[in-house]
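Open the model in a viewer and keep the sequence panel visible. The tour goes from the whole chain to single residues.

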Amino acid sequence: MLPDDLARIDLHALQLLVTVHDTGSFSTAAGQLDVSQSTVSYTIERLRKAFGDPLFVRQGNMISATGRCSELVVHARDMVNRMMAIAVPDEFDPAMAEGTITLSCNHHERILLMPDYIKAARARAPNVGFILLESTVNGKQQLKENMADIVLGPVRILGDGYFRRSIFTDHYACVMDRRNPLMMTELTLARYQSAAHVTVTHNGQWQALYFDALRANGIHLKPQLTLPTHDSLELMIVGTNFLATIPDRLAKTFGPDVGVVPFPIPTPIDIDMYWTERTHRSGLHRWARQLLVEVAKTSINSLSGDA
């Protein structure tokens, strides 16, 4: 028989524990869960008594999880997510559905897929809302902390409880002003190396995949311009001698003043979709994921001119 203190622990208490752990703050957790801070404090005190551990200790102005708390959170997160998934009804009608889908991706996917995806979703499920997040390199953390329902991008998210589906494959191309002398001849690896390079780092958190391909060929670039995102890249290139290496399908969305040539080292960019057990069986989320697959097939083929 379970001890009384442990028997009285419910899913709400476990969800609150996970939220405090992820946010590192009682007050922030209270705001996210729409409860009072006193409710958070009372619930954590119940959990401390039930598990015989302080769970969180104060260090200056911050709180830090104990080792036992971190171990408990792993199991609590899995339990809450699984119960939420089981509780979702199987039947789903997008025309009658309500709810919100939070999707995390970066500029590449937002430009290529999101306009067509949101239009298609609005036409079929007018009462469903969408939130788009910048993923940079934080997609796994966003899924883990239930900040995002879907993560989309050239990432690898490994571990139990994560699901993956391939969406499309892109490759790298080089973009520059059409009057750049490098447009007048074959872009060899030597000519590429001597160019004035622009790189995009997603606010310093990401290094594009083509850098590995270059290093494998003994080339270590020193960009002359580093940008936080792709947003202003086209403006930076036109009228200059800069060259940028970006996904080919993104390059094809640029205006007529920008020339596009192949990157000298063929390098694939696999764009995958990830989600977790929490939304795996949800009718709304299954529909949203399948729609993304369908839109990607149509949009990508249209952009590339494929049949």
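Buried here means under 20% relative accessible area, exposed means over 50%, and partly exposed is what falls in between. The model is a predicted one.

**Whole chain**

Select everything first. The secondary structure amounts to 14 helices and eleven strands. Along the principal axes, the C-alpha atoms fill a box of roughly 80 × 50 × 30 Å. Of the 307 residues, 44% count as buried. Turn on a surface: about 15,900 Å² is exposed, and carbon and sulfur atoms supply 52% of that area. Of the contacts between residues at least 6 apart in sequence, 75% join residues at least 24 apart. Colour by charge next: there are 29 positive and 32 negative charges, and their mean positions lie 2 Å apart.

**The loop before helix 4**

Select D34, in the loop between helix 3 (26-33) and helix 4. D34 is not a glycine, yet its phi is positive, about 60°. Its relative accessibility is 70%, so D34 counts as exposed, the cut-off being over 50%.

**Helix 4**

Move on to residues 37-51, which form helix 4. Does the distance between the ends of this helix agree or disagree with a rise of 1.5 Å a residue? It agrees: the 15 residues should span 21 Å, and the end C-alpha atoms are 21 Å apart.

Now show the side chains of V40, T43, I44, L47, A50 and F51, the buried residues of helix 4. Look down the axis of helix 4: these buried residues fall within an arc of 120°, so they line one face of the helix. The spacing along the sequence fits a general rule: an α-helix has 3.6 residues a turn, so residues three or four places apart point the same way. Rotate to the face turned away from the buried side, where the exposed residues S38, Y42 and K49 sit. Step one residue past the end of helix 4 to G52, which has a positive phi near 60°.

**N146**

Go to the loop between helix 8 (139-144) and strand 5 (150-153), and select N146 there. Like D34, N146 is not a glycine and has a positive phi of about 60°. Is N146 buried, exposed or partly exposed? At 31% relative accessibility N146 counts as partly exposed, because that value is neither under 20% nor over 50%.

**V175**

Select strand 6 (residues 162-177) and pick V175 in it. V175 has a relative accessible area of 0% and is buried. Which residues surround V175 once those up to four places away in sequence are set aside? Show I237, F242, L243, A244, I246, A251, F254, V258, G259 and V260, which V175 touches. Draw a distance from V175 to L243: the C-alpha atoms are 5.7 Å apart, while 68 residues separate the two in sequence.

**L221**

The last stop is L221, in the loop between helix 10 (210-216) and strand 8 (225-227). Is L221 buried or exposed in this loop? L221 counts as buried, at 15% relative accessibility. Leaving out neighbours within four places in sequence, the contacts of L221 are Y192, H197, Y210, F211 and L214. Add S194 to the selection: S194 and L221 are 27 residues apart along the chain, and their C-alpha atoms are separated by 9.2 Å.

Conventions:
Residues numbered from 1 in each chain as written. Heavy atoms only, no water. Helix = DSSP H or I, 4+ residues; strand = E, 2+ residues; numbered from the N terminus. Buried < 20%, exposed > 50% of the residue type's maximum accessible area, 1.4 Å probe, protein only. Contact = heavy atoms within 4.5 Å. Areas by Shrake-Rupley, 256 points an atom, 1.4 Å probe, with all protein chains shown as cover. Lys, Arg positive; Asp, Glu negative; His and termini not counted. Charge placed at Lys NZ, Arg CZ, Asp CG, Glu CD. Expected span 1.5 Å × (residues − 1). Arc of directions from axis to C-beta.
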